[in-house]
Amino acid sequence: MTASPRNLAVTNAVLDGEPVSLTVEDGLITSIGPDVDTDGSSTETLDARGGSLCPPLINGHTHAAMTLFRGHGDDLPLMRWLQEAIWPVEANLEAEDVYWGTRLACLEMIRGGTIGFWDMYWQPEATARAVEDAGLRAVIGPPVFDPPDGDFETRNRTLEEQLRNLEGFGDHIQAAVAPHAIYTNGTAGLEYATGLARDRDLPIHIHLSETEQEVIDCVKAHGMRPAFYLDDLGMLSEQATLAHGVWLDREELELIADRGATVTTNPVANMKLAVAGAFPCAEASRAGVSIALGTDGAGSNNSLDLLADLKVFALIQRHTAADAEAIPMEEAWAIATGRRSSLIGGLGRPGIPASDPLTVGAPADFIVLDPDVPELALGNLTSSLVYSASSSAVKDTVVDGRILMENREVEGHTEILDRARERSTRLGLS
Ligand SMILES: [Zn+2]
């Protein structure tokens with residue numbers, strides 16, 4: 001199954017409180033409004049049943065196949081969780097584990113209105129296959145760690161082959177260079193990753209400043225804070241996204257803004273792993289930093305429900321700033337839908353306009369909300385999306401003009417659950 005673009009008509013929808021219809025040709029929106037003729041050449045019709053059309057959610061940071069690890073090592077802090085619960089099992093991962101773990105993640109994301117995500121995980125070709133089969137979009141980076149045996153040559157060859165393979169997938173897949181973190185790569189490894197991304201014109205996706213210890217260690221080893229260290233290596237640019245950014249200070253935020261890089265905040269994973277801080281969003285916003293929202297993997301979240309995380313994001317920002325105006329709800333919604341970072345919203349490719357997803361000429365990526373869920377029935381829609389809704393509010397999900405969920409039904413649902421359970425059992429996780 002491939003996600004070939006389709007022609008589509010959407011009827012009985014609502015946009016900004018007005019009844020509208022919408023047509024799609026070859027995966028692009030061709031008309032939208034109250035007087036749209038939907039009797040033309042569309043091959044398929046989606047009845048919105050009075051539901052609101054909405055921009056879709058974009059998950060700026062995850063490890064999709066880690067759905068397999070959901071509930072494993074739940075009560076451990078970050079480094080013990082990685083060393084004791086995750087890395088030993090990952091040593092036995094097969095491509096089919098990653099494939100079905102990712103299909104499970106895609107199923108959850110489709111049901112929650114997320115149409116694209118930034119991924120960092122092993123066996124990236126299996127992830128890409130799963131994303132294509134699911135019909136979603138993804139920016140996929142094989143994680144870069146310093147090899148434990150010191151054999152950089154073999155590691156680099158494998159990595160470059162993986163990137164070449166990813167570039168051979170269709171236009172729903174974008175390759176990225178994904179150095180895991182500054183504490184799992186030495187300076188030479190990070191310089192190599194920077195050069196690789198530059199030579200191949202690929203985005204960079206890295207974890208940064210997740211824990212305070214990471215900052216302390218960086219200052220001790222390199223005499224500067226993490227963002228300045230990355231900048232010294234030439235890694236900060238409009239093509240770079242930094243996951244977490246919990247411990248970034250004002251000077252680092254100004255530097256990141258100046259370089260045009262993005263910070264993707266993952267508030268739920270940060271709270272679960274008890275990193276004891278929050279990304280300083282209001283300060284970052286004032287400095288002009290591009291911002292996105294992510295779930296992180298289901299191993300540390302434990303869900304991929306970006307609507308649920310959006311509420312936590314808005315709440316933790318208000319709470320830590322002791323300021324009810326710390327993040328306006330329109331701003332929170334724009335961040336969750338990838339419209340405060342052209343890198344994240346465009347899924348690594350400037351060709352995909354992310355600024356206004358529901359306009360003529362934009363890719364036909366959108367969701368329809370369920371008009372019958374009580375939490376969306378009254379009041380301001382943006383407020384409901386930020387503070388009331390969870391994934392169950394999404395009725396239909398459309399990507400590239402193709403209906404991936406209609407009335408909450410997703411093709412292949414049962415098989416995906418069965419196969420993911422088999423893979424989890426094989427790994428001794430359930
Ligand atoms: Zn992560």
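In the predicted model, L242 stands opposite V263 of strand β14. This contact belongs to the pairing of β13 with β14, which is parallel and spans 3 bridges. Between these two strands the chain passes through helix α8, residues 250–259. The resulting β-α-β crossover is right-handed.

Strand β13 covers residues 240–244. Of its 5 residues, 5 are buried, so the strand is largely enclosed by the rest of the structure. A residue counts as buried here when 20 or more other C-beta atoms lie within 10 Å of its own. β13 also pairs with β12, again in the parallel sense, over 5 bridges. In that pairing, L208 has H244 of β13 as its bridge partner.

Strand β14 comprises residues 262–265 and runs parallel to β15, to which 4 bridges join it. One residue involved is T264, whose bridge partner in β15 is A292.

Together these strands form an open sheet of 4 strands. The order is β12-β13-β14-β15, and the pairing is parallel. The edges are taken by β12 (204–208) and β15 (290–293). Each has a single partner strand, so one side of each is left without a neighbour in the sheet. From one strand to the next, the twist averages 25°. In general, strands of a sheet pair through backbone hydrogen bonds, either parallel or antiparallel.

Notes: Residues numbered from 1 in each chain as written. Predicted model: local features only at pLDDT ≥ 70, side-chain atom pairs only at ≥ 80, totals over all residues. Pairing = 2+ DSSP bridges. Axes fitted to C-alpha atoms, helices over the stretch in contact; angles between N-to-C directions. Buried ≥ 20, exposed ≤ 12 C-beta atoms within 10 Å, placed from the backbone. Right-handed = clockwise from strand over helix to strand, strands pointing away.
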